[in-house]
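Q: Could you take a close look at the inside of this structure, starting with any enclosed empty space and moving on to what is packed around it? I would enjoy a connected walk through the interior.

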Amino acid sequence: MSKELMKGNEAIGEAAIRAGCKLFFGYPITPSTEIVEYLAKYLPKAGGTVLQGEDEVASINMCYGAATTGTRVMTASSSPGFSLKQEGLSFLAAAELPVVIVNVNRVGPGLGGLGPSQADYFQCTKGGGHGGYRQIVLAPSKGQELYDFTLEAFDLADRYRTPVVIMADGFLGQMMEPVELKKPAQAELPAKDWTVGGCRGRAKRKIASYALTNEVGEANNLHWQAKWARMQDTLQRWESFHAEDAEYLIVGFGTCGRIAKSTVLAARRQGLKVGLIRPITLWPFPVKAFADLGGVKGILTVELNFGQMVEDVKLAVECRTPVFSHNRVGGMMPSEGEILRKLGQVFGLAVEV
Amino acid sequence: MQKVFGRPQGLTDLPFHYCPGCTHGIVHRLVGEVLEELDIIGDTIGVAPVGCAGFSLDFFACDFVGAAHGRAQAVATGIKRALPDKIVFTYQGDGDIAAIGTAHAIHVAARGEKITTIMVNNAVFGMTGGQMAPTTIGGQVTTTSPYGRDCALVGAPIDLPKTVATLNGAVYVAACAVDTPKNILQAKKCIKKAFQVQQRGLGYALVSVLSTCPTNWGLSPVDCLKWLQENMMPVYEMGELKMTEEVKAL
């Protein structure tokens with residue numbers, strides 16, 4: 001199949017159309033704006049509608065409304081805008097509504113800057129809104145994965161009746177890469193027998209998350225938790241790269257996972273047994289990837305933040321091996337060389353850079 | 001024995017949870033009657049707010065969705081865009097629509113979103129125990145304006161329907177009250193028209209209904225009606241505030 005040269009954000013838009021997304025509600029913000037622009041141009045031609053909301057709060061709540069009808073729907077934003085969507089995400093998780101949300105991370109905190117960042121890791125994976133909830137978070141690391149994971153996100157959202165977040169960064173969103181425009185998998189999904197749309201010929205339905213009886217509130221939470229536990233068990237995904245015989249593991253996702261790959265190859269050329277675990281699902285975090293640490297003597301996480309995923313790595317590792325973190329922030333990227341140097345420094349290895 | 005009066009089919013048989021003397025029940029009944037008379041119970045999706053009407057989704061016989069505080073109109077927009085042939089309405093209090101939901105209240109009208117909004121205005125945040133709302137009258141005592149609303153300090157009450165009426169996409173805007181049998185009948189006519197506007201796809205329709213809150217106003221139900229007439233009606237412009245030619249022809 002032929003490939004097309006596309007911006008990462010455009011690949012997300014194209015995948016959404018091919019996944020059968022019929023509604024997009026969004027608000028422009030750098031570096032995710034090309035998603036709403038691409039869809040504004042092409043979604044109407046595919047029989048869909050793009051509506052620019054008055055703000056991010058409106059956009060996510062429009063998604064909430066559309067999702068109650070069972071229609072495939074998406075929104076996209078970048079960090080400050082994603083913050084505004086948190087109320088809606090909490091409601092989506094509680095009402096168990098399938099919506100795909102793209103967060104092309106930019107530098108923070110505050111208005112921050114336009115450079116790439118992974119500083120929304122906590123916000124995406126720990127439930128950035130109120131009340132304690134979980135949502136699937138996928139971390140693509142290249143144009144092809146932006147496309148593939150967006151396709152898949154719609155199926156995951158429908159299968160588990162949950163919001164699914166695509167966590168990318170400004171680097172991935174803006175970069176042009178060849179992308180193979182695969183057809184969506186013909187997944188067998190549960191029937192949408194819970195949607196609203198008029199009760200003619202059937203009993204009235206309601207979709208809400210409100211309960212003023214504490215016993216009901218607890219039962220609701222136990223129901224949600226059981227679903228999240230099931231997802232945690234079945235959805236963990238990661239890529240292993242030269243990890244089988246590794247003495248030192250790098251853990252990095254998205255753009256960092258990509259840079260770490262060339263670092264692994266450079267280390268191997270120097271005879272150092274370095275491998276990579278690249279989490280693909282950030283929630284559920286791939287704890288299983290760290291179940292058997294074999295001869296691993298130490299782990300170095302690489303992140304575009306001051307160390308957020310490292311906390312999940314430490315929880316997964318449970319003190320069986322030392323875990324260090326290498327961080328770049330403010331839009332800066334780690335180089336292959338500096339990661340190598342850091343490996344040498346924290347683990348006392350002789351590395352040539 | 002012959003049954004001469006009952007609930008409209010637009011309502012379920014669940015007893016209302018509203019306080020004694022609260023006029024939410026009357027407004028619910030009017031909407032329920034309109035749903036039945038227009039034969040749209042099976043084609044309608046309602047959106048409930050946060051506030052006293054947060055449980056209204058149990059009382060109406062049609063499909064219903066519960067929204068976050070102030071977001072009902074954004075949620076309704078999503079539903080209507082997904083199902084343009086269905087009837088979608090929001091039922092919101094003044095605290096919900098005219099404070100935290102103002103941005104949506106303005107833009108849903110600006111877009112001419114083909115939905116219907118029923119706004120119930122009792123001049124306080126009722127559910128949380130009678131705090132000052134954007135609709136609280138000058139001098140009115142609430143738990144957060146214990147010395148009376150000082151308009152010099154916090155501004156005068158907002159007349160949301162009047163504001164919405166200035167927007168092109170709003171084709172029908174009416175301000176009613178449910179204080180007398182005559183006004184109740186008039187309110188029903190307006191509510192019915194607001195749904196007919198949507199059936200014809202003419203644009204956005206808003207009906208505001210002045211309502212009472214005996215519990216938080218600290219007055220008997222009968223005194224509440226008098227208070228509404230003497231204090232709210234002079235502040236809020238009443239009647240059919242806006243009607244396009246197409247709506248007039250209905």
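A: Happily! In this predicted model, there is one cavity of 30 Å³ or more, and the largest cavity has a volume of about 50 Å³. Its lining is made by Gly70(A), Thr71(A), Arg72(A), Val73(A), Pro98(A), Val99(A), Val100(A), Phe154(A), Ala157(A), Asp158(A) and Lys192(A). Two elements of chain A, β5 (99-107) and α7, each give two or more residues to that lining. Of the elements, α7(A) gives the most, with three residues.

Helix α7 is also a good guide to the packing. The largest nonpolar core has 120 residues, and helix α7 (residues 143-160) of chain A gives the most to this core, with nine residues. The core draws at least three residues from each of domain 1 (3-199 + 221-234) and domain 2 (239-347) of chain A. The residues with the most contacts inside the core are Ile35(A), Met74(A), Phe290(A), Ile299(A) and Val313(A).

Let's zoom in on Phe290(A). Setting aside neighbours within four places in sequence, Phe290(A) is in contact with Val251(A), Ile277(A), Phe285(A), Ile299(A), Val313(A), Ala316(A), Val317(A) and Arg320(A). Two of these partners, Ile299(A) and Val313(A), are themselves listed among the residues with the most contacts inside the core.

Apart from this core lies another, of 41 residues, among them Tyr18(B), Ala48(B), Phe60(B) and Ile87(B). Chain B also offers a well-hidden helix: 10 of the 11 residues of α3 (residues 72-82) are buried, so this helix is largely enclosed by the rest of the structure. The buried residues of α3(B) are Ala72(B), Gln73(B), Ala74(B), Val75(B), Ala76(B), Thr77(B), Gly78(B), Ile79(B), Lys80(B) and Ala82(B).

Finally, a word on the cysteines: the structure holds zero disulfides over all chains. Cys19(B) has its closest cysteine sulfur in Cys22(B), and the 6.4 Å between the two sulfurs is too far for a bond. Cys190(B) is in no disulfide either, with the nearest cysteine sulfur, that of Cys176(B), 3.5 Å away; the cut-off for a disulfide is 2.5 Å. The surroundings of these cysteines are worth a look too: Cys19(B) is partly exposed, with a relative accessible area of 39%, whereas Cys190(B) is buried, with a relative accessible area of 1%.

Methods. Residues are numbered from 1 along each chain as its sequence is written. Chains are lettered from A and ligands numbered from 1 in the order in which they are written. This is a predicted model: local features need pLDDT of at least 70, side-chain atom pairs count only at pLDDT 80 or more; totals for chains, interfaces and linings use all residues. Side-chain values use heavy atoms; hydrogens and water are left out. Buried means under 20% relative accessible area, exposed over 50%, partly exposed in between (1.4 Å probe, protein chains only). A nonpolar core is a set of buried Ala, Val, Leu, Ile, Met, Phe, Trp, Tyr and Cys residues joined through side-chain atoms within 4.5 Å. Helices (H or I, at least four residues) and strands (E, at least two) are DSSP runs, numbered from the N terminus. Domain bounds come from an automatic or database domain assignment. Contact means heavy atoms within 4.5 Å. On a 1 Å grid over the protein atoms alone, a cavity is a set of points where a 1.4 Å probe fits but cannot get out, and a pocket is an open set with protein on both sides within 12 Å along at least five of seven lines; lining residues have an atom within 4 Å of a point. Grid points are joined across faces, edges and corners, and a volume is the space filled by probe spheres set on the points.
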